[in-house]
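This report describes a single protein model together with its ligand. The sequence and coordinates are displayed below for reference.

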Amino acid sequence: MAEAVRKIEQRIKVSDMVIEVRDARIPLTSECARIQELLARKRRVIVLNKQDLILPSEREKWRKFFTDKGDTVTFTQAVHGANIKELMPSELHARGLISRLDRTLLCMIVGIPNTGKSTLINTLRNFGYKDGKQKSPGKVANTGALPGVTKHVSTIQFHVKPPSFLVDTPGIVKMDLDVIDGLKLALTGAIKDSLIDPLILAEFLIHMLSMRQSTNYLTELSLPTDCTDLGEILTAVAKFLIANYRSGKLCKYTLDNTVPESI
Ligand SMILES: Nc1nc2c(ncn2[C@@H]2O[C@H](COP(=O)(O)OP(=O)(O)OP(=O)(O)O)[C@@H](O)[C@H]2O)c(=O)[nH]1
């Protein structure tokens, strides 16, 4: 991880701009805290990916939140290419994120693990080549449902004219995570499942849902019939809740709030 951070820091200095990919379900907790100081000095667009997993009303609330702070944001669904056009060189230029369109463009992609960076790169590349009327080059970055798939820093062309490149980087997590941040990251799949007991994670999820007065999930819950042991049943229920939260079937609430709240 330290090596990855060092390489990212070196490459950021020579890049024209940064695309910071966050998880739309945790727009604050998924910030790339470890290099925020560096990011603050670069032109940056915050991509809130996995927009399909939050309600449209939540999207609008967060868009206003970031825009009021002076940040440039784009909501995407990288798996299906939603809003990818907003990240094409001409759009980045129109939004004031790059100053010239006649020069080679180098864009860093950074973010915590599992936010969809590699998926976004593949989608941007397909879209970018089509935008330049070139044959679609296919997938280059490896993707996966578990965190930590990308291990190395690599540079990938995503547009022909102007020649534009993306620097793919491994996901980086901050060192001094507090418990609540850790639970939110675990719930959204940014840190490994093996690190947190699913019962604790499910309890946290139920707590977060009860704060939003949401009990819809109770009607969906059918207990596994092949379990007799209470502990096993609870674990099965916990895993059911977590999996359904992650797929967006349980609810589409963000876990962060635009105003501070006590948990
Ligand atoms: N629901 C949803 N899932 C997505 C979206 N984009 C990516 N994913 C899924 O999120 C998971 C992680 O995607 P990756 O592209 O591998 O994420 P990454 O940020 O490169 O991950 P690391 O290698 O851990 O840094 C995969 O299962 C993707 O299919 C999206 O817009 N919506």
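The following text treats the overall fold, the central sheet, the ligand surroundings and selected backbone features.

## Overall fold

The model is a predicted one. The protein is built from 9 helices and 6 strands. Of its 263 residues, 36% count as buried. Among contacts between residues at least 6 apart in sequence, 72% join residues at least 24 apart.

## The sheet and its helices

The strands form an open sheet of 6 strands in the order β3-β2-β1-β4-β6-β5, and the pairing is mixed. Its edge strands are β3 and β5, each of which pairs on one side only. Disregarding direction, neighbouring strands of this sheet are turned against each other by 25° on average. Helix α3, spanning residues 56-68, packs on the sheet and touches β2 and β3. The direction of α3 makes about 160° with that of β3. Helix α5 also packs on the sheet, where α5 touches β1, β2, β4, β5 and β6. Its direction makes about 35° with that of β5.

Strand β1 covers residues 17-23 and is mostly covered, with 6 of its 7 residues buried. On one side, β1 runs parallel to β4, to which 5 bridges join it. I19 has I109 as its bridge partner in β4. Strand β1 also runs parallel to β2 (residues 44-49), and 6 bridges join these two strands. Within β2, V47 is the bridge partner of V21, while I46 stands opposite E20.

## Ligand surroundings

Which residues are closest to the ligand? They are P113, G116, S118, T119 and G171, and the ligand is surrounded by 24 residues. By class, this shell comprises 8 nonpolar, 13 polar and 3 charged residues. Helix α5 supplies the largest share of the shell, with 3 residues.

The UniProt record, an unreviewed entry, places the feature "binding site" at N49, K50, Q51, D52, N114, T115, G116, K117, S118, T119 and G171. Two of these positions, N114 and S118, are described further here.

S118 is located in helix α5. Is S118 buried or exposed? S118 counts as buried because 25 C-beta neighbours lie inside 10 Å.

N114 lies in the loop between β4 (105-111) and α5 (117-131). N114 is buried, because 27 other C-beta atoms lie within 10 Å. Leaving aside neighbours within four places in sequence, N114 is in contact with P147, G171, G189 and A190. One of these partners, G171, also belongs to the annotated binding site in the UniProt record. G189, another contact of N114, comes just after helix α6. In α6 itself, which covers residues 179-187, the buried residues include D181, L183, K184, L185, A186 and L187.

## Backbone features

Several residues have backbone angles that merit separate listing. The table gives the value for each residue or peptide bond.

| Residue or bond | Angle and value |
|---|---|
| N83 | phi near 65° |
| N114 | phi of about 70° |
| G189 | phi of about 85° |
| K161 and P162 | omega of about 5° |

For N83, the positive phi occurs in a residue other than glycine. N114 likewise has a positive phi although it is not a glycine. N83 is found in the loop between β3 (72-75) and α4 (89-94). What is the exposure class of N83, and why? N83 is partly exposed, because 17 other C-beta atoms lie within 10 Å. The burial cut-off of 20 or more such atoms is therefore not reached.

The peptide bond that joins K161 and P162 is cis. P162 is placed in the loop between β5 (154-159) and β6 (164-168).

## Summary of the N114 region

N114 brings several of these descriptions together. The residue is among the positions annotated as "binding site" in the UniProt record, and its loop joins β4 to α5. N114 is buried, has a positive phi of about 70°, and is in contact with residues including G189, which itself takes a positive phi of about 85°. Helix α5, which follows that loop, contains S118 and contributes the largest share of the ligand shell.

Note on methods:
Residues numbered from 1 in each chain as written. Predicted model: local features only at pLDDT ≥ 70, side-chain atom pairs only at ≥ 80, totals over all residues. UniProt positions renumbered as here; feature names shortened; annotations may be inferred. Helix = DSSP H or I, 4+ residues; strand = E, 2+ residues; numbered from the N terminus. Buried ≥ 20, exposed ≤ 12 C-beta atoms within 10 Å, placed from the backbone. Contact = placed C-beta atoms within 7 Å. Near = placed C-beta within 6 Å. Nonpolar A, V, L, I, M, F, W, Y, C, P; charged D, E, K, R; others polar. Pairing = 2+ DSSP bridges. Axes fitted to C-alpha atoms, helices over the stretch in contact; angles between N-to-C directions.
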